[in-house]
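Trainee: Please take me closely through the salt bridges of this model, and then set them beside a few other places in the chain. How many salt bridges does the rule give?

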Amino acid sequence: MDVLDGLEAINWANQTHAYGSAADVPGLLRSLLSTSSKTREKAYHDLYGNIFHQGTRYEATVPAIPFLIRLIASPDTPERSNVLTLLMHLALGYAEESLPAGVSLTATRRGIAEAVATISKAERKECEEYGFGPQVVLDCYEAVGAGVPVFVNLLSEEDTDLKGTALYALAWFPEQSEAIFPAIQQILSSSTEEEILINALLAIGLLNQHAEHPLPTEVIRPYLLHAALSVRVSAAIALAPNGLTQELIQILVGALTESEALEDATELTLFNEGDLAGYCSMILAHYGREYSAIVLPVLSEVLSKVAPYPSLGITRSILNLAIFDPALVVDGEPTRFLQDTPVGKLQPHTRAALQAIAEHGGWYMGKSQFGNYAELMRGYKVPDTQEALKQYLAA
(Lines give C-alpha, C1' and ligand atoms only; values in the text may rest on other atoms or scores of the structure.)
Protein backbone atom coordinates (compact mmCIF):
# COMPACT_ATOMS: atom_id res chain seq x y z
CA MET A 1 0.00 0.00 0.00
CA ASP A 2 1.16 3.52 -0.77
CA VAL A 3 2.56 5.05 2.43
CA LEU A 4 0.66 8.25 1.58
CA ASP A 5 -2.55 6.52 0.57
CA GLY A 6 -5.54 8.78 1.19
CA LEU A 7 -3.54 12.01 1.02
CA GLU A 8 -5.53 13.42 -1.86
CA ALA A 9 -8.82 12.36 -0.27
CA ILE A 10 -8.53 15.25 2.17
CA ASN A 11 -10.16 18.42 0.92
CA TRP A 12 -7.05 20.55 1.24
CA ALA A 13 -8.76 23.48 -0.43
CA ASN A 14 -10.92 23.84 2.70
CA GLN A 15 -7.88 23.97 5.00
CA THR A 16 -7.44 27.53 6.23
CA HIS A 17 -3.95 28.81 5.65
CA ALA A 18 -2.24 32.20 5.85
CA TYR A 19 0.87 31.52 3.77
CA GLY A 20 1.34 29.56 0.57
CA SER A 21 -1.46 27.25 -0.40
CA ALA A 22 -2.71 24.26 1.57
CA ALA A 23 -3.48 22.67 -1.79
CA ASP A 24 0.28 22.37 -2.30
CA VAL A 25 0.76 20.16 0.77
CA PRO A 26 0.02 16.75 -0.86
CA GLY A 27 2.58 17.33 -3.59
CA LEU A 28 5.18 18.55 -1.10
CA LEU A 29 4.70 15.48 1.10
CA ARG A 30 5.07 13.18 -1.90
CA SER A 31 8.25 15.01 -2.86
CA LEU A 32 9.81 13.84 0.41
CA LEU A 33 9.86 10.36 -1.15
CA SER A 34 11.72 11.53 -4.25
CA THR A 35 15.00 9.90 -5.19
CA SER A 36 16.30 13.38 -6.01
CA SER A 37 17.98 15.12 -3.08
CA LYS A 38 17.31 18.50 -4.70
CA THR A 39 13.61 17.74 -4.96
CA ARG A 40 13.48 16.68 -1.31
CA GLU A 41 15.45 19.74 -0.22
CA LYS A 42 13.01 22.04 -2.00
CA ALA A 43 10.05 20.21 -0.47
CA TYR A 44 11.44 20.69 3.04
CA HIS A 45 12.09 24.36 2.33
CA ASP A 46 8.55 24.86 1.07
CA LEU A 47 6.94 22.92 3.93
CA TYR A 48 8.81 25.00 6.49
CA GLY A 49 7.40 28.08 4.81
CA ASN A 50 3.94 26.60 4.31
CA ILE A 51 2.64 24.56 7.26
CA PHE A 52 5.33 25.94 9.59
CA HIS A 53 5.82 29.60 8.79
CA GLN A 54 8.35 31.14 11.18
CA GLY A 55 7.07 28.92 13.97
CA THR A 56 3.36 29.37 13.26
CA ARG A 57 1.28 26.28 12.64
CA TYR A 58 -2.09 26.26 10.90
CA GLU A 59 -5.25 24.25 10.56
CA ALA A 60 -3.68 22.86 7.39
CA THR A 61 -0.76 21.58 9.47
CA VAL A 62 -2.83 19.14 11.52
CA PRO A 63 -4.01 16.77 8.71
CA ALA A 64 -0.45 16.63 7.33
CA ILE A 65 0.95 15.20 10.58
CA PRO A 66 -0.38 11.60 10.33
CA PHE A 67 1.14 11.32 6.86
CA LEU A 68 4.50 12.54 8.13
CA ILE A 69 4.32 9.89 10.84
CA ARG A 70 3.67 7.28 8.14
CA LEU A 71 6.71 8.51 6.23
CA ILE A 72 8.85 8.15 9.34
CA ALA A 73 7.58 4.63 9.95
CA SER A 74 8.47 3.50 6.42
CA PRO A 75 12.04 2.28 5.91
CA ASP A 76 11.70 3.29 2.24
CA THR A 77 11.52 6.99 3.13
CA PRO A 78 14.81 8.82 2.47
CA GLU A 79 16.31 10.89 5.31
CA ARG A 80 13.79 9.88 7.93
CA SER A 81 15.62 11.90 10.58
CA ASN A 82 14.87 15.05 8.57
CA VAL A 83 11.19 14.14 8.40
CA LEU A 84 11.16 13.59 12.15
CA THR A 85 12.89 16.93 12.75
CA LEU A 86 10.19 18.64 10.68
CA LEU A 87 7.52 16.79 12.63
CA MET A 88 8.94 17.97 15.98
CA HIS A 89 8.89 21.55 14.75
CA LEU A 90 5.20 21.06 14.06
CA ALA A 91 4.73 19.71 17.59
CA LEU A 92 6.75 22.30 19.48
CA GLY A 93 7.36 25.34 17.32
CA TYR A 94 10.85 26.27 18.45
CA ALA A 95 11.74 23.73 21.13
CA GLU A 96 14.25 26.04 22.83
CA GLU A 97 11.26 27.96 24.20
CA SER A 98 10.35 24.85 26.23
CA LEU A 99 13.79 24.52 27.82
CA PRO A 100 14.97 23.74 30.41
CA ALA A 101 11.74 22.49 31.98
CA GLY A 102 10.32 20.47 29.08
CA VAL A 103 6.64 20.11 28.22
CA SER A 104 3.85 19.52 30.71
CA LEU A 105 0.70 18.60 28.83
CA THR A 106 -1.45 19.59 31.81
CA ALA A 107 0.13 23.04 31.95
CA THR A 108 -0.04 23.36 28.16
CA ARG A 109 -3.75 22.56 28.10
CA ARG A 110 -4.36 25.01 30.93
CA GLY A 111 -2.43 27.73 29.10
CA ILE A 112 -4.29 27.07 25.84
CA ALA A 113 -7.65 27.21 27.61
CA GLU A 114 -6.72 30.54 29.21
CA ALA A 115 -5.51 31.91 25.88
CA VAL A 116 -8.71 30.86 24.11
CA ALA A 117 -10.85 32.34 26.89
CA THR A 118 -9.07 35.71 26.93
CA ILE A 119 -8.43 36.23 23.23
CA SER A 120 -9.81 39.50 21.88
CA LYS A 121 -12.47 39.64 19.17
CA ALA A 122 -9.96 41.09 16.70
CA GLU A 123 -7.45 38.35 17.45
CA ARG A 124 -10.12 35.67 17.22
CA LYS A 125 -11.22 36.98 13.82
CA GLU A 126 -7.63 36.93 12.58
CA CYS A 127 -7.12 33.36 13.83
CA GLU A 128 -10.29 32.19 12.12
CA GLU A 129 -9.41 33.96 8.89
CA TYR A 130 -5.86 32.64 8.62
CA GLY A 131 -6.18 29.31 10.39
CA PHE A 132 -3.85 29.66 13.37
CA GLY A 133 -4.27 30.21 17.09
CA PRO A 134 -3.86 28.57 20.51
CA GLN A 135 -6.06 25.55 19.80
CA VAL A 136 -4.13 24.73 16.63
CA VAL A 137 -0.90 24.64 18.66
CA LEU A 138 -2.38 22.05 21.01
CA ASP A 139 -3.91 20.05 18.14
CA CYS A 140 -0.50 19.82 16.45
CA TYR A 141 1.25 18.69 19.63
CA GLU A 142 -1.33 15.99 20.32
CA ALA A 143 -1.33 14.82 16.70
CA VAL A 144 2.45 14.36 16.80
CA GLY A 145 2.12 12.63 20.17
CA ALA A 146 0.14 9.90 18.43
CA GLY A 147 3.40 8.97 16.73
CA VAL A 148 5.24 8.06 19.96
CA PRO A 149 4.96 4.28 19.32
CA VAL A 150 6.60 4.85 15.92
CA PHE A 151 9.37 6.92 17.52
CA VAL A 152 9.99 4.16 20.07
CA ASN A 153 10.33 1.61 17.26
CA LEU A 154 12.98 3.79 15.61
CA LEU A 155 15.29 3.09 18.55
CA SER A 156 15.83 -0.40 17.16
CA GLU A 157 17.07 0.93 13.80
CA GLU A 158 20.75 0.70 12.86
CA ASP A 159 20.99 4.35 11.77
CA THR A 160 22.59 6.18 14.74
CA ASP A 161 21.43 9.59 13.55
CA LEU A 162 17.85 8.38 13.26
CA LYS A 163 17.98 6.86 16.74
CA GLY A 164 19.39 10.08 18.17
CA THR A 165 16.62 12.10 16.55
CA ALA A 166 14.01 9.64 17.87
CA LEU A 167 15.37 10.07 21.40
CA TYR A 168 15.07 13.83 20.96
CA ALA A 169 11.48 13.45 19.78
CA LEU A 170 10.49 11.22 22.69
CA ALA A 171 11.77 13.72 25.26
CA TRP A 172 8.75 15.99 24.82
CA PHE A 173 5.94 13.56 25.67
CA PRO A 174 6.17 12.84 29.42
CA GLU A 175 2.53 11.77 29.63
CA GLN A 176 3.59 8.70 27.64
CA SER A 177 6.74 8.09 29.69
CA GLU A 178 5.68 4.65 30.91
CA ALA A 179 5.94 3.41 27.31
CA ILE A 180 9.05 5.50 26.58
CA PHE A 181 11.29 4.85 29.58
CA PRO A 182 11.87 1.11 29.06
CA ALA A 183 12.97 1.72 25.46
CA ILE A 184 15.33 4.51 26.47
CA GLN A 185 16.81 2.45 29.29
CA GLN A 186 17.39 -0.41 26.89
CA ILE A 187 19.22 1.70 24.33
CA LEU A 188 21.15 3.54 27.05
CA SER A 189 22.44 0.32 28.55
CA SER A 190 23.34 -1.27 25.21
CA SER A 191 24.98 1.68 23.44
CA THR A 192 28.41 3.23 23.60
CA GLU A 193 28.02 5.85 20.84
CA GLU A 194 28.38 9.38 22.17
CA GLU A 195 25.41 10.58 20.12
CA ILE A 196 23.07 8.00 21.64
CA LEU A 197 24.25 8.60 25.21
CA ILE A 198 23.87 12.38 24.94
CA ASN A 199 20.34 12.21 23.54
CA ALA A 200 19.18 9.47 25.90
CA LEU A 201 20.39 11.33 28.99
CA LEU A 202 18.93 14.66 27.92
CA ALA A 203 15.63 12.97 27.05
CA ILE A 204 15.43 11.35 30.50
CA GLY A 205 16.19 14.71 32.12
CA LEU A 206 13.26 16.40 30.38
CA LEU A 207 10.82 13.52 30.78
CA ASN A 208 11.59 13.12 34.49
CA GLN A 209 10.43 16.64 35.25
CA HIS A 210 6.81 15.81 34.40
CA ALA A 211 6.59 12.01 34.34
CA GLU A 212 4.22 10.42 36.83
CA HIS A 213 6.90 7.86 37.66
CA PRO A 214 10.35 9.37 36.95
CA LEU A 215 13.36 7.17 36.40
CA PRO A 216 15.63 7.01 39.48
CA THR A 217 18.69 9.23 39.35
CA GLU A 218 20.87 6.13 39.73
CA VAL A 219 20.22 5.47 36.04
CA ILE A 220 21.93 8.75 35.13
CA ARG A 221 24.55 9.24 37.83
CA PRO A 222 27.22 6.80 36.51
CA TYR A 223 27.53 8.92 33.35
CA LEU A 224 28.92 11.83 35.38
CA LEU A 225 32.20 9.88 35.25
CA HIS A 226 32.12 9.11 31.53
CA ALA A 227 35.27 9.74 29.49
CA ALA A 228 33.48 12.11 27.06
CA LEU A 229 32.89 15.66 28.30
CA SER A 230 29.65 15.90 26.29
CA VAL A 231 28.24 12.83 28.06
CA ARG A 232 29.26 14.09 31.51
CA VAL A 233 27.65 17.44 30.76
CA SER A 234 24.46 15.80 29.46
CA ALA A 235 24.21 13.73 32.65
CA ALA A 236 24.65 16.86 34.77
CA ILE A 237 21.95 18.68 32.81
CA ALA A 238 19.61 15.72 33.30
CA LEU A 239 20.23 15.59 37.06
CA ALA A 240 20.10 19.33 37.75
CA PRO A 241 16.28 19.59 38.15
CA ASN A 242 16.54 17.16 41.08
CA GLY A 243 18.74 19.65 42.91
CA LEU A 244 22.14 21.12 42.12
CA THR A 245 25.11 19.77 44.03
CA GLN A 246 28.70 20.99 44.09
CA GLU A 247 29.57 18.09 41.78
CA LEU A 248 26.96 19.10 39.21
CA ILE A 249 27.85 22.77 39.43
CA GLN A 250 31.49 21.93 38.80
CA ILE A 251 30.60 20.01 35.63
CA LEU A 252 28.13 22.61 34.36
CA VAL A 253 30.44 25.53 35.07
CA GLY A 254 33.31 23.60 33.52
CA ALA A 255 31.26 23.21 30.35
CA LEU A 256 31.00 26.99 30.06
CA THR A 257 34.73 27.47 30.42
CA GLU A 258 35.41 24.62 27.97
CA SER A 259 32.71 25.48 25.46
CA GLU A 260 35.05 24.99 22.51
CA ALA A 261 35.54 21.36 23.55
CA LEU A 262 31.79 20.87 23.23
CA GLU A 263 31.46 22.28 19.73
CA ASP A 264 31.60 18.81 18.18
CA ALA A 265 28.36 18.01 20.02
CA THR A 266 26.57 20.49 17.77
CA GLU A 267 26.28 17.74 15.17
CA LEU A 268 25.19 15.10 17.68
CA THR A 269 21.98 16.47 19.15
CA LEU A 270 19.03 18.73 18.41
CA PHE A 271 18.57 19.76 22.05
CA ASN A 272 19.13 23.53 22.25
CA GLU A 273 20.30 23.28 18.62
CA GLY A 274 23.32 21.28 19.79
CA ASP A 275 24.61 24.07 22.03
CA LEU A 276 25.38 22.14 25.21
CA ALA A 277 27.30 25.02 26.77
CA GLY A 278 24.31 27.28 26.23
CA TYR A 279 22.08 24.60 27.71
CA CYS A 280 24.32 24.59 30.80
CA SER A 281 24.00 28.36 31.26
CA MET A 282 20.23 27.96 30.97
CA ILE A 283 20.24 25.19 33.60
CA LEU A 284 22.43 27.19 35.98
CA ALA A 285 20.16 30.23 35.66
CA HIS A 286 17.00 28.21 36.22
CA TYR A 287 18.11 25.92 39.02
CA GLY A 288 21.16 27.67 40.49
CA ARG A 289 19.74 30.66 42.31
CA GLU A 290 21.12 29.69 45.72
CA TYR A 291 24.55 29.32 44.12
CA SER A 292 24.52 32.65 42.29
CA ALA A 293 27.65 33.87 44.08
CA ILE A 294 29.54 30.97 42.46
CA VAL A 295 27.78 30.89 39.11
CA LEU A 296 27.61 34.60 38.21
CA PRO A 297 31.39 35.16 38.09
CA VAL A 298 31.78 32.20 35.73
CA LEU A 299 28.99 33.39 33.44
CA SER A 300 30.59 36.84 33.45
CA GLU A 301 33.95 35.41 32.45
CA VAL A 302 32.40 33.45 29.60
CA LEU A 303 30.47 36.54 28.44
CA SER A 304 33.75 38.36 27.87
CA LYS A 305 34.84 35.72 25.35
CA VAL A 306 31.80 35.24 23.10
CA ALA A 307 30.37 36.95 20.03
CA PRO A 308 27.24 39.16 20.23
CA TYR A 309 24.68 36.54 19.21
CA PRO A 310 25.67 33.80 21.72
CA SER A 311 25.98 36.52 24.35
CA LEU A 312 22.17 36.75 24.36
CA GLY A 313 21.75 33.40 26.14
CA ILE A 314 24.53 34.02 28.65
CA THR A 315 23.26 37.54 29.41
CA ARG A 316 19.76 36.16 29.91
CA SER A 317 21.14 33.62 32.38
CA ILE A 318 23.03 36.34 34.27
CA LEU A 319 19.92 38.50 34.51
CA ASN A 320 17.78 35.57 35.62
CA LEU A 321 20.12 35.05 38.57
CA ALA A 322 20.65 38.75 39.25
CA ILE A 323 16.97 39.53 39.79
CA PHE A 324 16.98 37.25 42.83
CA ASP A 325 19.43 39.55 44.59
CA PRO A 326 17.77 40.46 47.94
CA ALA A 327 17.97 44.13 46.96
CA LEU A 328 15.65 43.42 44.06
CA VAL A 329 13.18 41.20 45.90
CA VAL A 330 10.04 42.74 47.35
CA ASP A 331 7.65 40.63 49.43
CA GLY A 332 9.45 37.52 48.26
CA GLU A 333 9.14 38.31 44.55
CA PRO A 334 11.83 39.74 42.24
CA THR A 335 10.86 43.18 40.98
CA ARG A 336 13.24 43.26 37.98
CA PHE A 337 13.19 47.08 38.18
CA LEU A 338 16.94 47.29 38.42
CA GLN A 339 17.37 50.97 37.65
CA ASP A 340 15.05 51.83 40.57
CA THR A 341 17.45 50.15 43.01
CA PRO A 342 20.54 52.07 44.19
CA VAL A 343 23.59 50.22 42.90
CA GLY A 344 25.12 50.30 46.39
CA LYS A 345 22.39 47.98 47.67
CA LEU A 346 23.27 45.20 45.24
CA GLN A 347 25.37 42.25 46.34
CA PRO A 348 28.98 42.49 45.10
CA HIS A 349 28.66 39.47 42.79
CA THR A 350 25.49 40.93 41.25
CA ARG A 351 27.16 44.28 40.65
CA ALA A 352 30.23 42.59 39.16
CA ALA A 353 28.04 40.55 36.79
CA LEU A 354 26.22 43.68 35.63
CA GLN A 355 29.59 45.34 35.11
CA ALA A 356 30.57 42.42 32.87
CA ILE A 357 27.42 42.98 30.82
CA ALA A 358 28.21 46.68 30.55
CA GLU A 359 31.74 45.96 29.35
CA HIS A 360 31.36 42.76 27.35
CA GLY A 361 27.68 42.41 26.42
CA GLY A 362 26.64 42.03 22.81
CA TRP A 363 25.59 45.63 22.43
CA TYR A 364 26.87 45.96 18.87
CA MET A 365 27.02 43.83 15.73
CA GLY A 366 29.98 45.40 14.02
CA LYS A 367 29.36 49.13 14.24
CA SER A 368 25.59 48.80 14.45
CA GLN A 369 23.62 48.47 17.67
CA PHE A 370 22.31 44.94 18.23
CA GLY A 371 18.57 45.48 18.62
CA ASN A 372 17.92 42.03 20.09
CA TYR A 373 20.33 42.73 22.91
CA ALA A 374 18.67 46.03 23.81
CA GLU A 375 15.28 44.32 23.69
CA LEU A 376 16.55 41.62 26.08
CA MET A 377 17.70 44.27 28.57
CA ARG A 378 14.38 46.12 28.37
CA GLY A 379 12.58 42.89 29.14
CA TYR A 380 14.35 42.78 32.48
CA LYS A 381 13.80 46.51 33.14
CA VAL A 382 17.55 47.05 32.88
CA PRO A 383 19.12 50.10 31.16
CA ASP A 384 18.99 49.16 27.49
CA THR A 385 22.10 50.91 26.21
CA GLN A 386 25.70 50.27 27.14
CA GLU A 387 26.19 53.89 28.16
CA ALA A 388 23.07 53.94 30.38
CA LEU A 389 24.08 50.76 32.19
CA LYS A 390 27.60 52.11 32.79
CA GLN A 391 26.12 55.31 34.19
CA TYR A 392 23.87 53.33 36.53
CA LEU A 393 26.80 51.27 37.81
CA ALA A 394 28.98 54.37 38.29
CA ALA A 395 26.38 56.15 40.43
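Mentor: The count comes to nine salt bridges, where a salt bridge is a side-chain nitrogen of Lys or Arg within 4 Å of a carboxyl oxygen of Asp or Glu. The model is a predicted one, in which local features need pLDDT of at least 70 and side-chain atom pairs count only at pLDDT 80 or more, whereas totals for chains, interfaces and linings use all residues. Residues are numbered from 1 along each chain as its sequence is written, and side-chain values use heavy atoms, with hydrogens and water left out.

Among these salt bridges is the one between R80 and E157, whose side chains meet at 3.3 Å, N to O. This pair links distant parts of the chain, with R80 in helix α4 (residues 80-92) and E157 in the loop between α8 (148-154) and α9 (160-170), 77 residues apart; helices here are DSSP runs (H or I, at least four residues) numbered from the N terminus. R80 counts as buried because its relative accessibility is 10%, while E157, at 27%, counts as partly exposed. In these terms buried means under 20% relative accessible area, exposed means over 50%, and partly exposed lies in between, with a 1.4 Å probe and protein chains only.

Another salt bridge joins the side chains of D2 and R30 at 3.1 Å, N to O. D2 lies in the segment before α1 (25-31) and R30 in helix α1, so this pair ties together parts that are 28 residues apart in sequence. Both ends are partly exposed, D2 with a relative accessible area of 35% and R30 with one of 29%.

The side chains of R109 and E142 also meet in a salt bridge, here at 2.7 Å, N to O. Because R109 lies in helix α5 (residues 105-118) and E142 in helix α7, the pair ties together parts that are 33 residues apart in sequence. R109 counts as partly exposed at 42% relative accessibility, and E142 is partly exposed as well, at 32%. Beyond single pairs, salt bridges that share partners join D2, E8 and R30 into one network.

Helix α7 (residues 134-145) also holds P134, which is partly exposed with a relative accessible area of 22%. Leaving aside neighbours within four places in sequence, P134 is in contact (heavy atoms within 4.5 Å) with I112, A115 and V116. P134 and N208, in turn, are 74 residues apart in sequence and 26 Å apart in space, C-alpha to C-alpha.

Y279, found in helix α14, counts as buried at 1% relative accessibility. With neighbours within four places in sequence left aside, Y279 is in contact with L99, P100, L202, L206, I237, F271 and N272. The C-alpha atoms of Y279 and S234 are 9.3 Å apart, for a separation of 45 residues in sequence.

As for charges outside the salt bridges, E194, E260, E263, D264 and E267 form a negative surface patch. Patches are made of residues with over 30% relative accessible area and no salt bridge, like charges being joined within 9 Å and nonpolar side chains (Val, Leu, Ile, Met, Phe, Trp, Tyr) within 5 Å. One of the patch members, E263, is placed in the loop between α13 (246-257) and α14 (276-287), and E263 is exposed, with a relative accessible area of 52%.

Terms used
Accessible areas come from the Shrake-Rupley method with a 1.4 Å probe; for residues, only the protein chains shown count as cover. Lys and Arg count as positive and Asp and Glu as negative; His and the chain ends are not counted. The place of a charge is taken as NZ of Lys, CZ of Arg, CG of Asp or CD of Glu. Helices (H or I, at least four residues) and strands (E, at least two) are DSSP runs, numbered from the N terminus.
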